[in-house]
Amino acid sequence: MSSNPWPIGALPLEPCDPPRVDEFWLDVRVLTMPSGTVFRAHDDQGQAVLVILLSHGAASDPASWDRLAGEVNHLHSETVIARGGAGQDSGRLGRLYRPVTGPGQGPRESQAPWVALVYDGSAAAVAEARRILQVVDMSALSGSSVAGPNYRLHWVDDTLPGRVRAWPLPWPGRRDKAGWSTTVVAWLLTIFIALTGLLIAVLLFQNVPPTPPPPPVPTSASSSSSANSSSSSSSSPGQSSASTSSSSSGSGSPSPSASRSPSTGNDSSPSTSNNPSGPPSRTPSMHPSGNGGSGTASASPTGRGRL
């Protein structure tokens, strides 16, 4: 194995490059051609590999899928580590196919074909990857030179990397797997944020003044009891006035209503007091005949007074 893990002429990754393909994290660009791009990558155990990813234009052509699959099936089984994408699950090495995982899986045809080869740091491995891409874009045809009109693929100008799916998603801006320290820090930060929110909620609601209970709703029983109490209170002044009049009539003083109004004639009619509690009192009135004036004389009821 070469002491220099980076191949000669390697270029840094571009923003359009995916951070990883399946489990292989991309490091640098090794080779770029119209049919695809060769990346130097590594897996979770640190093993170096060469990842051949077809371009967006070649991934849209089913004929390019077949040419790539045919070349991969002719390779040695120890040279190919994994393969995936559209049209790569058949042939002699179809058992090395990696299906797409994760939620919301799209159709298989929407994933660009790719293959991961063993990389030992030699130029022969890079040359083999170049030969495979030349077969895909048909730039290295065997035989004599072709006479006649020039032939050009319709997708040869669409050289952006094909679409791949990575799950779980990596950290934004990272192109490597997060270590255990990053995971621990992320969990500690999550716990700290949760405890801070809980403390703020406790401080907000512990000083809230108590809410007074709502007034009771009146019922039929309470309405009748209040009506009885108001009627009893209104009848008390009438009873007191009746007792006062009884005591005054029992003392024997004549009432003004007991006096009889003047009447004509010699007859005298006794008037009885309207107060039943006292004794009946009679007040005779005598009017002399032929006298235009009126007068009232009171006398005690004796035998002579009656005519």
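Gln88 sits in the loop that runs between strand E6 (80-84) and strand E7 (114-118), in what is a predicted model. With a relative accessibility of 0%, Gln88 counts as buried, because the buried class takes in everything under 20% relative accessible area. Two other places are worth a visit as you turn the structure: Asp61, a charged residue that is also buried, and a nonpolar patch on the surface that includes Val202.

**Around Gln88**

- The side chain of Gln88 reaches the backbone oxygen of Trp65, at 3.2 Å.
- Trp65 also appears among the contacts of Gln88 once neighbours within four places in sequence are set aside; the others are Leu68, Ala69, Arg83, Tyr97 and Pro113.

**Around Asp61**

- To find Asp61, look in the loop between helix H1 (56-59) and helix H2 (62-73).
- Which side chain of opposite charge is nearest to Asp61? That is Arg67, 4.1 Å away, and Asp61 has no salt bridge even though Asp61 is buried.
- The reason is a matter of the cut-off: a salt bridge needs a side-chain nitrogen of Lys or Arg within 4 Å of a carboxyl oxygen of Asp or Glu, so the 4.1 Å to Arg67 does not qualify.
- Asp61 does have a polar partner, since its side chain makes a polar contact with the side chain of Trp155 at 3.0 Å.
- Leaving out neighbours within four places in sequence, the residues in contact with Asp61 are Arg67, His154 and Trp155.

**The surface patch**

- Four residues, Ile191, Leu195, Leu198 and Val202, form a nonpolar patch on the surface.
- Together these four have about 380 Å² of accessible area.
- Val202 belongs to helix H4, which covers residues 180-205.
- Is Val202 buried, partly exposed or exposed? Its relative accessibility is 44%, so Val202 counts as partly exposed.

**The chain as a whole**

- The protein chain has five helices and seven strands.
- Following the sequence, these elements come in the pattern β-β-β-β-β-α-α-β-β-α-α-α.
- The chain has 307 residues, and 27% of them count as buried.
- Take the contacts between residues at least 6 apart in sequence: 53% of these join residues at least 24 apart.
- About 20200 Å² of the protein chain is exposed, with carbon and sulfur atoms supplying 60% of that area.

Conventions: Residues are numbered from 1 along each chain as its sequence is written. This is a predicted model: local features need pLDDT of at least 70, side-chain atom pairs count only at pLDDT 80 or more; totals for chains, interfaces and linings use all residues. Side-chain values use heavy atoms; hydrogens and water are left out. Patches are made of residues with over 30% relative accessible area and no salt bridge: like charges are joined within 9 Å, nonpolar side chains (Val, Leu, Ile, Met, Phe, Trp, Tyr) within 5 Å. Accessible areas come from the Shrake-Rupley method with a 1.4 Å probe; for residues, only the protein chains shown count as cover. Helices (H or I, at least four residues) and strands (E, at least two) are DSSP runs, numbered from the N terminus. Buried means under 20% relative accessible area, exposed over 50%, partly exposed in between (1.4 Å probe, protein chains only). Lys and Arg count as positive and Asp and Glu as negative; His and the chain ends are not counted. A polar contact is a pair of N or O atoms within 3.5 Å; within protein, one must be able to donate a hydrogen and the other to accept it, and residues adjacent in sequence count only if both atoms are side-chain atoms. Contact means heavy atoms within 4.5 Å.
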